[in-house]
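Colleague: I have some questions about how you label things in this model. Can you take me through them?

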Amino acid sequence: MLKTVIVVAGMFAACMISLGSAEPALAQVPAAEITTKYGLSLAPVPLDLHRKNRRQVALGSYLVNAVAGCNDCHTNPPYAPGGNPFLGQPEKINANGYFGGGKCFGPIISADITPDSNGLPAGLTRAQFRDVIRTGIDPSDGGILQVMPWPIFQNMTNGDLNAIYAYLTAIPSLPPPTNTCP
Ligand code: HEC
């Protein structure tokens with residue numbers, strides 16, 4: 001019995017190792033299993049779904065609003081008055097400032113990642129968005145994005161990054177932040 005367990009455990013470990021060493025075919029990894037209804041229900045703002053892939057936007061909404069915590073940093077402040085869960089209040093996201101940036105992390109200010117006048121989130125095409133997340137290189141000045149957890153997000157699949165991008169194209173547009181950080 002013990003021997004069987006050891007053999008099975010060994011096979012499992014070998015399997016994990018071979019998975020780990022395989023060249024990641026990011027585009028082919030299946031996405032998280034969620035319903036479209038659930039994903040869309042997580043968005044705290046009205047979504048423009050016109051000519052968009054609902055299923056993809058829903059997955060992006062799930063990743064953004066249930067997994068990656070973009071709101072904590074890209075909305076200033078993240079919660080509406082009376083809606084701060086850290087103060088024991090029932091959570092209500094600051095929909096008016098959703099993803100408009102302007103939160104300070106020391107001297108670093110978070111970016112507005114809502115769609116620009118051409119509908120491009122943070123002014124980035126989908127390919128540029130994926131490059132930014134994968135490299136951390138700020139397209140505006142060539143520097144390395146600070147605070148932004150791109151070293152973690154770069155491990156996401158192409159499918160997941162495309163879904164996040166699709167979601168960001170569907171949220172309301174906001175003007176860039178006007179505040180400065182000390
Ligand atoms: C821990 C805080 C934090 C989290 C979480 C976070 N970001 Fe950021 N992000 C930042 C900051 C700060 C910047 C600006 C960094 C700089 O200028 O050096 C930034 C920059 C960016 C940029 C570059 C924009 C530009 O115009 O240069 C994009 C795109 C972006 N974030 C998208 C996202 C998305 C999408 C998520 C969630 C999946 C996310 N961020 C989560 C803090 C965060």
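**Ligand shell and helix α3**

Modeller: Start with the ligand, and keep in mind that this is a predicted model. By class, the shell around the ligand has 17 nonpolar, 5 polar and 2 charged residues.

Colleague: What makes a residue in that shell nonpolar, polar or charged?

Modeller: The residue type decides. Asp, Glu, Lys and Arg count as charged, and 2 residues of the shell are in that class. Ala, Cys and Met count as nonpolar. Ala68, Cys70, Cys73, Ala111 and Met148 come nearest to the ligand, out of 24 residues around it.

Colleague: Which helix supplies the largest share of the shell?

Modeller: α4, with 4 residues. At least two residues each come from α3 (54-68), α4 (70-74) and α5 (126-135).

Colleague: How do you know that the span of α3 is close to the expected one?

Modeller: The expected span is 1.5 Å times one less than the number of residues. α3 has 15 residues, so 21 Å is expected. From first C-alpha to last, α3 reaches 20 Å, which is close to that. Gly69 follows α3, with a positive phi near 65°.

Colleague: Why is Leu59 of α3 called buried?

Modeller: Buried takes 20 or more other C-beta atoms within 10 Å of the residue's own. Leu59 is listed as buried, so Leu59 meets that cut-off. Gln56, Tyr62 and Val64 are among the other buried residues of α3.

Colleague: What covers the buried residues of α3?

Modeller: The cover includes α2 (36-41), α4 and α7 (158-170). Across the protein, buried residues make up 27% of the 182 residues.

Technical notes. Residues are numbered from 1 along each chain as its sequence is written. This is a predicted model: local features need pLDDT of at least 70, side-chain atom pairs count only at pLDDT 80 or more; totals for chains, interfaces and linings use all residues. A residue is near a molecule or strand if its C-beta atom, placed from the backbone, lies within 6 Å of it. A residue is buried if 20 or more other C-beta atoms lie within 10 Å of its own, exposed if 12 or fewer, and partly exposed in between; C-beta atoms are placed from the backbone. Two residues are in contact if their C-beta atoms, placed from the backbone, lie within 7 Å.
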